[in-house]
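Please walk me through this structure from its overall build down to single residues, with the reasoning made explicit where a classification depends on a cut-off.

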Amino acid sequence: GMDAVLVSGGAGYIGSHVVKRLVEAGRPVVVMDNESTGHRETVRAVEALTGREIPYIPGDVGDGDGVRRIVEEYRVGAVMHFAAKSVVAESVRHPEVYFSENVAKGIAFFQALCEAGVSRIVLSSTAAVYGNPERVPIPEEHPVRPINPYGASKVMLEQVLGWLETTFPMRWVALRYFNAAGADPSGRLGERHDPETHLIPIVLEAALGRRERVTVFGTDYDTPDGTCIRDYIHVLDLADAHLEALAALEDGHPSAIFNVGTGLGHSVLEVIRMAEEVCGRTVPVELGARRPGDPPVLVADGGRLREIGWQPRYGLWEIVASAWAWHSGEGR
Ligand code: UFG
């Protein structure tokens, strides 16, 4: 039968949505997750939604022997590597953690995969590799100059894949996500971080009265309303990008780096207004100081990914509405 896809971090926010799409597409999938931020019930929820059993292994990508066993037992031919730490501010406080968890373990993972004969790897990367961009929208050729250890850790992994390809029969894609947001419309999967730092979950928690207010981090940026602009990409569109990337590799596409964004930017105040409209509630807002390290505008030039047949299907309304179904609902 078809080679299985090993999804590391498949119990996490983005990973679980991709697992659902892979299963729906009929791909054999095996999930591993060390449960540092993922939740195994999330994989159970995907099983319930798809009516399919999903092999799940609690384990760490840094465990080379464990990884090799999984590759052999499940006949893994391709890997999607989501497992990583991804909180920018935490990475600034604890660079050592980001280099050991993301980089050291990531390299051990890739080594085990290549030695075991895995020939296709899709890496979760980030727009944080661009640091403070010189121009927007940002094309993939833009210089890579991360301004925090999280972004630096992903640059390093992209470079490691580039070098591994020179000696192993392997090809890879790195997907540089812009602002991943939204949820499966079922309301059964969604974004759950502790503590939460992301704008949309924070705004919806405020709409629910679970937090007192949203603080807008900076109102004096050089943008139309003075607040930061981001390219919010629906997690379902992100999931599709992973399937397209894998299909491209399987069709013989050379290794590549793709931005994953819509090319459209929304300000913090626009997001808050959209949430008020979707929820039919008022979101208490406080105008605050800038958050250190926030670039004023991050918007993708997403042309390269469109060339392989992907295009985003959802906008800010669907993003906020689907996130609202999760935050307000039965999912938790
Ligand atoms: N914001 C607020 N108030 C909040 C939270 C966020 O005003 O309480 C603002 C931020 O200042 C920023 C925007 O909302 O302007 C989005 O902030 P997020 O924290 O949701 O997302 P970031 O753009 O900071 O970070 C995201 C990912 C990172 C990734 C980065 C790079 O979470 O992992 O994009 O593109 F590195």
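A residue is called buried if 20 or more other C-beta atoms lie within 10 Å of its own, exposed if 12 or fewer do, and partly exposed in between. This criterion is applied here to a predicted model, and R313 serves as a worked case: because R313 has 11 C-beta neighbours inside 10 Å, it counts as exposed. R313 is placed in the loop between α10 (303-306) and α11 (316-328). Its C-alpha atom is separated by 9.0 Å from that of T262, although the two residues are 51 apart along the chain.

For the protein as a whole, the secondary structure comes to 11 helices and 14 strands. The radius of gyration is 19 Å, close to the 20 Å that the globule rule gives for 332 residues, so the protein is as compact as a globular protein of that length. Taken along the principal axes, the C-alpha atoms fill a box of roughly 55 × 45 × 40 Å. By the neighbour count introduced above, 48% of the 332 residues are buried. If one considers the contacts between residues at least 6 apart in sequence, 81% of them join residues at least 24 apart.

The protein is divided into two domains, each assembled from two stretches of the chain: domain 1 comprises 4-181 + 232-260, and domain 2 comprises 199-230 + 263-328. Their C-alpha centres lie 24 Å apart, and 27 residues of domain 1 are in contact with 24 residues of domain 2. On the side of domain 1 that touches domain 2, the elements that give two or more residues are β7 (179-181), β10 (232-234), α8 (235-250) and β11 (256-260). Of these, α8 provides the largest share, with six residues. Sorted by class, the residues on this side of domain 1 divide into 17 nonpolar, six polar and four charged.

The next step is the ligand. It is surrounded by 22 residues, of which A127, A128, L199, F217 and C228 are the closest. Two elements, α7 (199-207) and β8 (214-217), give two or more residues to this shell, and the largest share, four residues, comes from β8. By class, the shell contains 13 nonpolar, six polar and three charged residues. Where does the ligand lie with respect to domain 1 and domain 2? Both domain 1 and domain 2 give residues to the shell around the ligand, so the ligand lies between them.

Helix α2 offers a closer view of how burial is distributed around a single element. The buried residues of α2, which spans residues 40-50, are T42, V43, A45 and V46. Because these residues cover an arc of only 155° around the axis, they are on the same side of α2. An α-helix has 3.6 residues a turn, so residues three or four places apart point the same way. The buried residues of α2 pack against α1 (13-24), β2 (29-33) and β3 (56-58), whereas E41 and A48, on the other side of the helix, are exposed. Just after α2, G51 takes a positive phi of about 70°.

How values were computed: Residues are numbered from 1 along each chain as its sequence is written. This is a predicted model: local features need pLDDT of at least 70, side-chain atom pairs count only at pLDDT 80 or more; totals for chains, interfaces and linings use all residues. The arc is that of the directions from the helix axis to the C-beta atoms. Two residues are in contact if their C-beta atoms, placed from the backbone, lie within 7 Å. Domain bounds come from an automatic or database domain assignment. Ala, Val, Leu, Ile, Met, Phe, Trp, Tyr, Cys and Pro count as nonpolar, Asp, Glu, Lys and Arg as charged, and the others, Gly among them, as polar. The radius of gyration is taken over C-alpha atoms; the globule rule is 2.2 Å times the number of residues to the power 0.38. A residue is near a molecule or strand if its C-beta atom, placed from the backbone, lies within 6 Å of it.
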